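Biologist: Thanks for sitting down with me. Could you walk me through this one, starting with the overall layout and then the packing?

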Amino acid sequence: MTKTRMTSQRRVILEELRSVRTHPTADEIYSLVRVRMPHISLGTVYRNLELLSETGEILKLDTFGGVRRYHGFTHSHMHVRCLQCGRVADVEAGETDIPRPESARAEGFSISSVRVEFDGICDCCRAGADAAEAAGL
């Protein structure tokens, strides 16, 4: 993937995305960027996020509950998503921890990347459910 020209808007978007450990949506990134660039449009943020993901500068996470999220760190890792609130967190793993199916080669595929995603319930949501159950709700 080729790197794209780093405009001031693109640089601020990338800096703000890399300043958080969460996996924000475009709207959340827009809110972060507007603090530094009050006149930036939501459309500009969306276009730049797409460009940054196409060039491999950031990760675009399309499959988490239908909400597109972005991540400023592209090192090899997996994700876990809360089925109740949608929060996404990193799960660190080395590339050798992920098996690559040999059958794919027989089907005419050469695997270029692997994405592993876990679903579960985060501690906050589980605690809320436990409290509601204890209260008889």
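**Layout and packing**

Modeller: Happy to! This is a predicted model, and the protein has 5 helices and 5 strands.

Biologist: In what order do the elements of the protein run from the N terminus on?

Modeller: Three helices lead off, followed by four strands. After those strands come a helix, a strand and a final helix. Written out, the order is α-α-α-β-β-β-β-α-β-α.

Biologist: At roughly what angle do the axes of helix 2 and helix 3 cross?

Modeller: Two packed helices are described by the angle and the distance between their axes. Helix 2 covers residues 26-36 and helix 3 covers residues 42-54, and their axes come within 10 Å. The crossing is right-handed, and its angle is roughly 115°.

Biologist: Which residues of helix 3 meet helix 2, and how many residues in that contact are charged?

Modeller: From helix 2, the residues taking part are A26, D27, I29 and Y30. Their partners in helix 3 are L42, V45, Y46 and L49. By class, this contact has 7 nonpolar residues and no polar ones, and the charged count is 1.

Biologist: Which residues have the most contacts inside the largest nonpolar core?

Modeller: In soluble globular proteins, nonpolar side chains tend to be buried together. Here the largest nonpolar core has 15 residues, and those with the most contacts inside it are I13, I29 and L49. Helix 1 (8-18), helix 2 and helix 3 each supply at least two residues of this core. Leaving aside residues up to four places away in sequence, I29 touches L17, P24, V45 and Y70, along with two of the residues you asked for, I13 and L49.

Methods:
Residues numbered from 1 in each chain as written. Predicted model: local features only at pLDDT ≥ 70, side-chain atom pairs only at ≥ 80, totals over all residues. Heavy atoms only, no water. Axes fitted to C-alpha atoms, helices over the stretch in contact; angles between N-to-C directions. Left-handed = near helix turned anticlockwise from the far one by under 90°. Contact = heavy atoms within 4.5 Å. Nonpolar A, V, L, I, M, F, W, Y, C, P; charged D, E, K, R; others polar. Core = buried A, V, L, I, M, F, W, Y, C linked by side-chain atoms within 4.5 Å. Buried < 20%, exposed > 50% of the residue type's maximum accessible area, 1.4 Å probe, protein only.
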